[in-house]
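Open the model in your viewer and set side chains to sticks. The tour goes from one selection to the next.

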Amino acid sequence: MLNTVDLIAILPQYLQLALECFENNDYVKHGHDIRTVGQTARYSALLAGIVFGKRRYDELKPIAAEERRIEEEEKKVREEQEKIAKALAEASEESILK
């Protein structure tokens, strides 16, 4: 999909170059039409990029939410292990068997 967006984005430049090859007196008459085609292509590329971005965001949003949930669970486990380790360290320091 990204390659398609890139192609659409650069298409106006190539279209303009191709049309300039056929430059003659009619070019002046159709110069506005060429600019209109270029602007239409640019806005089409913008719209395609927006649609692609929205689709990609919708794909990645649940993945990111799952990763955050897993990270929070791992953090809770890690904090619990640190709490246990600290309690064991304090218990060994208070031991009468020093």
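Begin in helix 2 with glutamate 73 and arginine 69, which are 4 residues apart and so separated by about one helical turn. This is a predicted model. Show the two side chains: glutamate 73 and arginine 69 form a salt bridge, at 2.4 Å from N to O. Glutamate 73 is partly exposed, at 41% relative accessibility, and arginine 69 is also partly exposed, at 37%.

Now add Glu66 to the selection. Glu66, Arg69 and Glu73 belong to a network of linked salt bridges.

Next, select residues 63–94, where an unreviewed UniProt entry places a "coiled-coil region". In the model this stretch is 97% helix and 0% strand. The C-alpha atoms at its two ends lie 47 Å apart.

Move to lysine 54 and aspartate 58. Their side chains make a salt bridge with the closest N and O atoms 3.0 Å apart. Both residues sit in helix 2 (residues 25–93), and their spacing of 4 residues puts them about one helical turn from each other. Lysine 54 is partly exposed at 48% relative accessibility; aspartate 58 is partly exposed at 39%.

Then select arginine 56 and glutamate 59. This pair, 3 residues apart in helix 2, is again spaced by about one turn of the helix. The closest N and O atoms of their salt bridge are 3.1 Å apart. Relative accessibility is 41% for arginine 56, which counts as partly exposed, and 48% for glutamate 59, likewise partly exposed.

How many salt bridges should a full search return? The count is 4, with a cut-off of 4 Å between nitrogen and carboxyl oxygen.

Conventions:
Residues are numbered from 1 along each chain as its sequence is written. This is a predicted model: local features need pLDDT of at least 70, side-chain atom pairs count only at pLDDT 80 or more; totals for chains, interfaces and linings use all residues. Side-chain values use heavy atoms; hydrogens and water are left out. UniProt positions are given in the numbering used here, feature names are shortened, and annotations may be inferred rather than shown by experiment. Buried means under 20% relative accessible area, exposed over 50%, partly exposed in between (1.4 Å probe, protein chains only).
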